[in-house]
Amino acid sequence: MLEHRCCPRCRRPVSWGQFAFKSTIWSAWECPGCGTTLRLSKRRRVLAAVCGAAVGCAIGFAALGAGLSIWWVIPIMMTAQIPFWWLDGVVASA
Ligand SMILES: [Zn+2]
């Protein structure tokens with residue numbers, strides 16, 4: 001279990017769907033277990049965005065350098081962001 005992906009009050013895990021489709025750094029939602037208002041951790045989100053962008057650019061330049069067309073490079077770069085979702089976490093909103 002990933003500690004930072006659970007509700008900080010009751011330890012109920014936050015679903016993948018919540019992270020993938022319903023969460024932006026501005027959104028807040030209620031924990032179904034205890035009703036605490038949860039948000040994505042901005043610190044973790046920024047870290048994930050920075051790491052994702054760095055890796056995305058490295059892959060993008062490598063792929064362009066290898067002669068791939070931009071229409072291949074863009075989806076490859078987007079796919080490379082997926083592992084960085086692991087860095088996202090939740091915090092209780094004050
Ligand atoms: Zn909770």
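Two residues are said to be in contact if their C-beta atoms, placed from the backbone, lie within 7 Å. This idea guides the following reading of the structure, which is a predicted model.

A suitable starting point is G52, a residue of helix α2. Once its neighbours within four places in sequence are set aside, G52 is in contact with Q81 and F84. Another residue to examine is W85, which is 33 residues away from G52 along the chain, while the C-alpha atoms of the two are separated by 9.1 Å. Is G52 buried, exposed or partly exposed? A residue is buried if 20 or more other C-beta atoms lie within 10 Å of its own, and exposed if 12 or fewer do. G52 has 19 such neighbours, and therefore counts as partly exposed.

The residue G56 also lies in helix α2. Because 20 other C-beta atoms are found within 10 Å, G56 is buried. Apart from residues within four places in sequence, the contacts of G56 are M77, A80 and Q81. W26, by comparison, is 30 residues from G56 in sequence, and the C-alpha atoms of this pair are 24 Å apart in space.

One of the contacts of G56, namely M77, leads to the packing of two helices. Two packed helices are described by the angle between their axes and the distance between the axes. Helix α2 covers residues 42-65 and helix α3 covers residues 70-79; the angle between them is about 155 degrees, and their axes are 9 Å apart. How are α2 and α3 directed with respect to each other? Angles over 145 degrees count as roughly antiparallel, and α2 and α3 are therefore roughly antiparallel to each other. The crossing of α2 with α3 is right-handed. On the side of α2, the contact is formed by G56, I59, G60, A63 and L64, and on the side of α3 by W72, V73, I76 and M77. Sorted by class, the residues in this contact are seven nonpolar and two polar, with no charged residues.

Helix α2 also holds R43. Here the number of other C-beta atoms within 10 Å is 11, and for this reason R43 is exposed. Along the chain R43 and L87 are 44 residues apart, and their C-alpha atoms are separated by 9.9 Å.

Attention now turns to the nonpolar core. Which residues make up the largest nonpolar core? It has five residues, and these are C7, V14, L38, L40 and V90. The surroundings of V14 may be described in further detail: with residues up to four places away in sequence not counted, V14 touches R5, C6, C7, F19, L38 and V90.

Two further residues complete the account. R11 is placed in the segment before α1, the helix of residues 16-22. The phi angle of R11 is near 70 degrees, which is a positive value in a residue other than glycine. R11 counts as exposed because it has 12 C-beta neighbours inside 10 Å. F21, in turn, is found in helix α1. F21 has 8 C-beta neighbours inside 10 Å and so counts as exposed. Between F21 and L2, which are 19 residues apart along the chain, the C-alpha atoms are separated by 19 Å.

Key
Residues numbered from 1 in each chain as written. Predicted model: local features only at pLDDT ≥ 70, side-chain atom pairs only at ≥ 80, totals over all residues. Helix = DSSP H or I, 4+ residues; strand = E, 2+ residues; numbered from the N terminus. Axes fitted to C-alpha atoms, helices over the stretch in contact; angles between N-to-C directions. Parallel < 35°, antiparallel > 145°, perpendicular 65-115°, else oblique. Left-handed = near helix turned anticlockwise from the far one by under 90°. Nonpolar A, V, L, I, M, F, W, Y, C, P; charged D, E, K, R; others polar. Core = buried A, V, L, I, M, F, W, Y, C linked by C-beta atoms within 7 Å.
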